[in-house]
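The report below describes a protein model, moving from local backbone features to helix packing and the overall fold.

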Amino acid sequence: MSEFFNQVSRRKFIVTAGVSASAVLLKGCLGNPPETGGNSPTSAVQPVANISPEQKPETTKVKLGYIPIVESAPLIIALEKGFFTKHGMSDVELSKQASWGSARDNVEIGSAGGGIDGGQWQMPMPHLITEGKITKGNKPIPMYVLAQLVTHGNAIAIANKHLGKGISLKLDAAKPLFAQLKSSTPFTAAFTFPHVNQDLWIRYWLSASGIDPDGDVKLLTVPAAQTVANMKTGTMDAFSTGDPWPFRLVNDKIGFMAALTAEIWKNHPEEYFAMRGDWVDQHPKATKALLKGIMEAQQWLDNFDNRKEAAEILAVKKYFGLSSPTVLADPFQGKYDMGDGRKIDDKSMAAYYWKDAKGSVSYPYQSHDLWFITENVRWGFLPQDYITNGAAKAKELIKKVNREDIWKEAAKELGIPAADIPTNTSRGVEEFFDGVKFDPEKPEEYLKSLKIKKVSV
Ligand code: CA
């Protein structure tokens, strides 16, 4: 079947694809220009793939939530560069979420109820929602993890009043400060949602240096976009979230970065693309079409030549609302002015979307889900029985939630070379900056090896 592509204007184009005998007006790509108008450098639009009837999505419409941090880039780029439309998803609506709590509330009701069908998630939010641990009335809402969005791109930022007091990746020199603060106003650190990535990064970082996150400091929840403002008021000593917020703090000269998450755990799992299970079950082809669009966006993002343009697309008011794309452009190249005299200029420390030194970033390794669940057990957020008995309960949950099988099907349909499709659901033993190792075959041994924890193993 023949297909052709004809861009009529920046905001409107007509396309006839092999999927339909009639011409259809597609929106979702250039149909949703940034509100700042004319600010987006988007120009190249992908031609619509010649979609076979077997792969034609059941719907063109979906509503996905995102938070304005680099983790959301594959969703925004897939929309803006036409990768969703290319695979038949011409009505993708991206909905900026005010907080992770709002994202959770919105996925509970689904798009039919004015919410969202899925989107960007910290881990293990999809598992906690599936189990009804963080939903209203503890109602279980099955969710599927479909891809990892990114590795790296997150940091722990500290208020400038603590400059020169030994707060860095390792905290040995800062222990007297933490002890002194504990007896008056404890060191206060914020994350963006409890029990997930940022909470876990702060906890790992503190406890690796012998500081008990439950006894020696105060931890609280603040939405990502409010973190800079809250630190300006001086009520917060530290926070952890995704770029560009930690680097903005340095740029605005109100804070510095103690550690990049890339320093805590090189090539670590970060945030994920997950959807309501019922949406995926009803729209298996549309799910794969979304995945194919995201995979193409991830590959586009990993081309460093595209990153200046990526920063410009993300910076606009509609998405991140940055005064300048430069606060994104430098971290995107692995260049971090840590704000305490330390400068990192190392591409291996940058955010990666498709592939990193350890292999696939996009593929959702089940062994990483297990680390997030094990860490929840460590801090008493989940009962110990998830990990005992060979972690049978955790593994059963992961098998239900992590749909790496769908990722693989989509990758094959997209023509991803076999070498880039992992054959094992485990990435193997992981190592942290303090030398601690996580063997996914022995999560209980990992918990035993940790000095600070709230679980007795
Ligand atoms: Ca994050």
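## Backbone features and helix packing

P124 sits in the loop that links β6 to α4 (125-130), where helices (H or I, at least four residues) and strands (E, at least two) are DSSP runs, numbered from the N terminus. The peptide bond between M123 and P124 is cis, with omega about 0 degrees. A cis bond also leads from D243 to P244, with omega near 10 degrees, and P244 lies in the loop between β11 (238-242) and α8 (245-251).

This is a predicted model, in which local features need pLDDT of at least 70 and side-chain atom pairs count only at pLDDT 80 or more, while totals for chains, interfaces and linings use all residues. Residues are numbered from 1 along each chain as its sequence is written.

Positive phi values occur at the residues in this table, and the burial of two of them is taken up afterwards.

| Residue | Phi | Place |
|---|---|---|
| N138 | near 55 degrees | loop between α4 and β7 (143-148) |
| A391 | about 60 degrees | helix α15 (residues 388-401) |
| G82 | about 80 degrees | just after α1 |

A residue is buried if 20 or more other C-beta atoms lie within 10 Å of its own, exposed if 12 or fewer, and partly exposed in between, with C-beta atoms placed from the backbone. N138 has 9 C-beta neighbours inside 10 Å and therefore counts as exposed, whereas A391 has 22 C-beta neighbours inside 10 Å and so counts as buried.

Helix α1 (residues 73-80) has eight of its eight residues buried, so this helix is largely enclosed by the rest of the structure. Its buried residues pack against β4 (61-66), α2 (83-86), β5 (91-96), β6 (118-121), α11 (284-301) and α12 (307-315), two residues being in contact if their C-beta atoms, placed from the backbone, lie within 7 Å.

The axes of α1 and α11 are 8 Å apart, and the two helices pack at an angle of about 100 degrees; axes are lines fitted to C-alpha atoms, for helices over the stretch in contact, and angles run from 0 to 180 degrees between N-to-C directions. The two helices α1 and α11 are therefore roughly perpendicular to each other, a term for angles of 65 to 115 degrees, with those under 35 counted as roughly parallel, over 145 as roughly antiparallel and the rest as oblique. On the α1 side the contact is made by A73, P74, L75, I77 and A78, and these meet G293, I294, E296, A297, Q298, W300 and L301 of α11.

Helix α11 also packs with helix α16 (residues 404-414), their axes coming within 9 Å and crossing at roughly 65 degrees. In this contact T287, K288, L291, K292 and M295 of α11 meet I406, W407, E409, A410, A411, E413 and L414 of α16.

In strand β17 (residues 359-360) lies S360, which counts as buried because it has 21 C-beta neighbours inside 10 Å. Apart from its neighbours within four places in sequence, S360 is in contact with K355, D420 and P422.

For the protein as a whole, the secondary structure comes to 17 helices and 19 strands. Of the 457 residues, 53% count as buried, and among contacts between residues at least 6 apart in sequence, 73% join residues at least 24 apart. The C-alpha atoms fill a box of roughly 75 × 50 × 40 Å, taken along the principal axes.
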